[in-house]
Amino acid sequence: MALEMMAVPCLRDNYAYLVHDPGSGRTAVVDVPDTAPVHDALEARGWTLTDILITHHHDDHIGGVMRLREDTGAAVWGARADAHRLPPLDHALAEGDTVSIGAEAGTVIDVPGHTVGHIAFHFPDSQLAFTADSLMICGCGRLFEGTPEQMLQSLRKLMALPDETLICSGHDYTNGNLAFARSVDPDNEALAERMDQVAADRAAGRPMAVATLALEKATNPFLRATDDALKRSHHMTEAIDVEMFAHLRALKDTF
Ligand code: ZN
Ligand code: FE
């Protein structure tokens, strides 16, 4: 049975995600920007929290972890590489490790770039990937700690997941990201269609920080840094992929 996923808006534009295995009753939360909205969501669903999964050390992703752990006794999972700047971990993780939510096994993927110890969680059976501030909706996280090389390599790992995978990211930066994407990739028809769809999604109150990998590949400029036509339109025909990626990232930083 597939995991049930619920996107929980937190703070100004963050998302926490609840993941529930109906068979075992186990429920995990991915990132805890704040405790109150997570408690409310658990109560609304009648779910009992058993596990807390952390993607990276920024306050807007871990601010509520200690409190939630005290309230629920849930086990905390996070990157061993960043253990010195995360809340105390019950399970320290490295790339390739498994995180089980009941019957379903998730895999840990190292995705450095935004921070050096950033990890993502992939649940292949339910086709879910929690990418936080690495791969974001029509964008990617700012490079606070890592290099363009690191982020591009991280994005390539995520691009290798199945197309149907639902990417669940850390923030609703969707409007700004789409506007930027349009500015650097104006002839992309899939992007134009997506902008119409997103307006409808927002009007209907659907969660804004999730999308399929297939849609991201077609419209996210940072996943299209390897595209020859896009390079040509930026007069970067000779550029290697990482140069094109760095060019786009620099443009976005001042957009
Ligand atoms: Zn962050
Ligand atoms: Fe963040």
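Let us begin where helix 5 and helix 6 cross: the crossing is left-handed. Everything described here comes from a predicted model, so a word on confidence will follow shortly.

## Two helices side by side

Helix 5 covers residues 174-184 and helix 6 covers residues 189-203; their axes come within 11 Å and cross at roughly 165°. That angle makes helix 5 roughly antiparallel to helix 6. Which residues of helix 5 meet helix 6? They are Thr 174, Asn 175, Leu 178, Ala 179, Ala 181 and Arg 182, and on the helix 6 side they meet Leu 191, Ala 192, Arg 194, Met 195, Val 198 and Arg 202. Sorted by class, this contact has seven nonpolar, two polar and three charged residues.

## How confident is the prediction?

The protein has a mean pLDDT of 97, and 100% of its residues reach 70 or more. Among the elements, helix 6 has the lowest mean pLDDT, 95, while strand 9 (residues 119-123) has the highest, 99.

## The sheet of strands 1 to 6

Now turn to the sheet that begins with strand 1. Six strands form this open sheet in the order 1-2-3-4-5-6, with mixed pairing. Strand 1 (4-10) and strand 6 (91-93) stand at the edges with a single partner strand each, so one side of each is left without a neighbour in the sheet. On average, neighbouring strands here are turned by 20° against each other, direction ignored.

Strand 1 pairs with strand 2 (residues 14-20) in the antiparallel sense over seven bridges. As one example, Met 6 has Leu 18 in strand 2 as its bridge partner. The hairpin of strand 1 and strand 2 has three residues between the strands, and in this hairpin Leu 11 takes a positive phi near 50°.

Helix 1 packs on this sheet, touching strand 1, strand 2 and strand 3 (27-30). Helix 3 also packs on the sheet, and its contacts are with strand 3, strand 4 (51-53) and strand 5 (75-79).

## The sheet of strands 7 to 14

Another open sheet is formed by six strands in the order 7-8-9-10-13-14, and its pairing is mixed. Its edge strands are strand 7 (98-101) and strand 14, each of which pairs on one side only. Neighbouring strands of this sheet are turned by 25° against each other on average, direction ignored.

Within the sheet, strand 9 and strand 10 (residues 128-132) pair in the antiparallel sense over three bridges. His 122 has Ala 129 in strand 10 as its bridge partner. Helix 4 packs on the sheet and touches strand 8 (104-110), strand 9 and strand 10.

The table gathers the helices that pack on the sheets, with the direction of each set against one strand.

| Helix | Residues | Strand compared | Angle between directions |
|---|---|---|---|
| Helix 1 | residues 35-45 | strand 1 | about 145° |
| Helix 3 | residues 65-72 | strand 4 | about 170° |
| Helix 4 | residues 148-159 | strand 8 | about 155° |

## A closer look at Val 210

Where is Val 210 found? This residue lies in strand 14 (residues 210-212), one of the edge strands. Val 210 and Phe 130 are 80 residues apart in sequence, yet their C-alpha atoms are 9.3 Å apart in space. Leaving out residues up to four places away in sequence, Val 210 touches Met 5, Tyr 17, Ile 137, Leu 166, Ile 167 and Cys 168.

Definitions and conventions. Residues numbered from 1 in each chain as written. Chains lettered and ligands numbered in written order. Predicted model: local features only at pLDDT ≥ 70, side-chain atom pairs only at ≥ 80, totals over all residues. Heavy atoms only, no water. Axes fitted to C-alpha atoms, helices over the stretch in contact; angles between N-to-C directions. Helix = DSSP H or I, 4+ residues; strand = E, 2+ residues; numbered from the N terminus. Parallel < 35°, antiparallel > 145°, perpendicular 65-115°, else oblique. Left-handed = near helix turned anticlockwise from the far one by under 90°. Contact = heavy atoms within 4.5 Å. Nonpolar A, V, L, I, M, F, W, Y, C, P; charged D, E, K, R; others polar. pLDDT = per-residue confidence, 0-100. Pairing = 2+ DSSP bridges.
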